[in-house]
Amino acid sequence: MNQDIIVDDDLDWQPERQGIAFTAHWQGRKVDCFLALAHLEHMTGQSLIDEGNIMLAFESVRFDIEERVAELVGEEAFAPDGGLYL
């Protein structure tokens with residue numbers, strides 16, 4: 001678990017974008033993040049169809065997601081809108 005990055009519990013499945021929007025806290029700053037469904041499926045090795053399974057899958061790899069967010073922050077890989085896209 002990465003203590004520098006904390007992923008919030010505000011997961012928002014966005015079917016039109018085929019991904020999950022969420023926020024993370026880094027050094028007191030709130031960062032908007034987006035995880036594409038295809039990436040989540042790759043991380044879990046599962047084909048995800050319904051929202052319930054998608055949310056459970058996110059939770060099963062939450063710490064890996066926190067690590068990836070930390071890597072992107074370290075690389076300063078912020079999008080023009082200030083968000084991080086995984």
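In which strand is Thr 23 found? Thr 23 belongs to strand S3, which covers residues 19-26, and this strand serves as the starting point for the following account of a model that is predicted.

**Thr 23 and its surroundings**

Thr 23 has a relative accessible area of 7% and is therefore buried, since buried means under 20% relative accessible area. Its side chain makes a polar contact of 2.6 Å with the side chain of Asp 8, and a polar contact of 2.6 Å also joins the side chain of Thr 23 to that of Asp 10. Leaving aside residues up to four places away in sequence, Thr 23 touches Ile 6, Val 7, Asp 8, Asp 10, Lys 30, Val 31 and Asp 32.

**The strands around S3**

Strand S3 runs antiparallel to strand S4 (residues 29-36), and eight bridges join the two; within this pairing, Ala 21 has Phe 34 of S4 as its bridge partner. The hairpin of S3 and S4 has two residues between the strands, and in this hairpin Gln 27 takes a positive phi near 50 degrees. Strand S4 in turn pairs with strand S5 (residues 84-85), in the parallel sense and over two bridges, with Leu 84 in S5 as the bridge partner of Cys 33.

**Aromatic rings**

A search of the whole structure finds three aromatic pairs. One of them is formed by Phe 22 and Phe 58, which meet edge-to-face, with 5.2 Å from centre to centre and 70 degrees between the planes. Because Phe 22 lies in strand S3 and Phe 58 in helix H2 (residues 51-60), this pair ties together parts that are 36 residues apart in sequence. Phe 22 is buried, with a relative accessible area of 2%, and Phe 58 is likewise buried, with a value of 0%.

Another pair involves Trp 26 and Phe 78, whose ring centres are 6.0 Å apart and whose planes stand at 40 degrees, so that the pair is tilted. This pair links distant parts of the chain, 52 residues apart, with Trp 26 in strand S3 and Phe 78 in the loop between helix H3 (62-74) and S5. Phe 78 is partly exposed, with a relative accessible area of 25%.

**Charges over rings**

Two arginine side chains place their charged ends over phenylalanine rings, as listed here.

| Charged end | Ring | Distance from ring centre |
|---|---|---|
| Arg 17 | Phe 34 | 3.9 Å |
| Arg 29 | Phe 78 | 4.9 Å |

Phe 34, the ring beneath the charged end of Arg 17, is also the bridge partner of Ala 21, while Phe 78, the ring beneath the charged end of Arg 29, also forms the tilted pair with Trp 26.

Key. Residues numbered from 1 in each chain as written. Predicted model: local features only at pLDDT ≥ 70, side-chain atom pairs only at ≥ 80, totals over all residues. Heavy atoms only, no water. Helix = DSSP H or I, 4+ residues; strand = E, 2+ residues; numbered from the N terminus. Buried < 20%, exposed > 50% of the residue type's maximum accessible area, 1.4 Å probe, protein only. Polar contact = N/O pair within 3.5 Å; in protein donor to acceptor, adjacent residues only side chain to side chain. Contact = heavy atoms within 4.5 Å. Pairing = 2+ DSSP bridges. Phe/Tyr/Trp six-rings, centres within 6.5 Å; stacked < 30°, edge-to-face > 60°. Lys NZ or Arg CZ within 6 Å of the ring centre and 35° of its normal.
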